[in-house]
Amino acid sequence: MSNKYKVGDIVTGKVTGIQPYGAFVALDVNTQGLVHISEITYGFVKSIGDHISVGDTVRVKVLDIADNDEKISLSLRALQQKPAKRKEHMPRKSLQARVDEKDSVGFQSLKEKLGEWIEQSGMK
């Protein structure tokens with residue numbers, strides 16, 4: 001492969017293949033890189049084919065060049081605007097707190113019913 005690509009470069013290439021783990025992108029006649037599934041876009045990617053197809057021309061960023069220029073890691077995501085943060089994470093309430101919101105007695109109603117249910121079942 002050629003030494004003409006450097007980490008951080010933004011280049012255009014053509015998608016030549018798609019596998020469950022990523023997409024292969026030809027940067028030139030002799031150079032091909034891989035866009036790992038985690039570098040397709042922000043968020044969960046179930047199927048790469050939902051985002052790109054073989055034959056598409058894509059702009060990618062060179063993330064890493066390894067093994068004497070034999071493996072080039074690319075990213076589509078690095079060129080996308082990061083999505084706005086979701087609302088602040090609210091700590092989860094305990095089960096009892098959530099029950100208390102719905103039932104002012106909480107588990108007390110179960111405690112009261114338990115005796116009645118045991119009596120109805122004929123068990124002692």
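Visitor: What makes E39 and R77 a salt bridge?

Guide: The closest N and O atoms of E39 and R77 are 3.2 Å apart. A salt bridge is a side-chain nitrogen of Lys or Arg within 4 Å of a carboxyl oxygen of Asp or Glu, so the pair E39 and R77 earns the name. This pair links distant parts of the chain, 38 residues apart: E39 sits in the loop between β3 and β4 (57-66), R77 in the loop between β5 (71-75) and α1 (95-102). Helices (H or I, at least four residues) and strands (E, at least two) are DSSP runs, numbered from the N terminus.

A word on the model: it is predicted, so local features need pLDDT of at least 70 and side-chain atom pairs count only at pLDDT 80 or more, while totals for chains, interfaces and linings use all residues. Residues are numbered from 1 along each chain as its sequence is written, and side-chain values use heavy atoms, leaving out hydrogens and water.

Visitor: Why is E39 called buried?

Guide: Buried means under 20% relative accessible area, exposed over 50%, and partly exposed in between (1.4 Å probe, protein chains only). E39 has 15% relative accessibility, so E39 counts as buried. Its partner R77 has a relative accessible area of 26%, and therefore is partly exposed.

Visitor: How many salt bridges does the structure hold?

Guide: There are two. In the one between K4 and D28, the side chains meet at 3.3 Å, N to O. K4 is in the segment before β1 (10-19) and D28 in the loop between β2 (22-26) and β3 (32-36), 24 residues apart.

Visitor: Why does K4 count as exposed, and why is D28 partly exposed?

Guide: K4 has 51% relative accessibility, so K4 is exposed. D28, at 23%, is therefore partly exposed.

Visitor: What makes K46 exposed?

Guide: K46, in the loop between β3 and β4, has 73% relative accessibility and so counts as exposed.

Visitor: How do you know that β1 and β2 pair?

Guide: Two strands pair if DSSP finds at least two bridges between them. Five bridges join β1 to β2, so these antiparallel strands pair. One of the bridges takes V15 to V25 in β2. Five strands close into a barrel in the order β1-β2-β3-β5-β4, with mixed pairing.

Visitor: Where is W117, and why is W117 called partly exposed?

Guide: W117 is in helix α2 (residues 108-121). With 43% relative accessibility, W117 counts as partly exposed, because that value lies between the two cut-offs.
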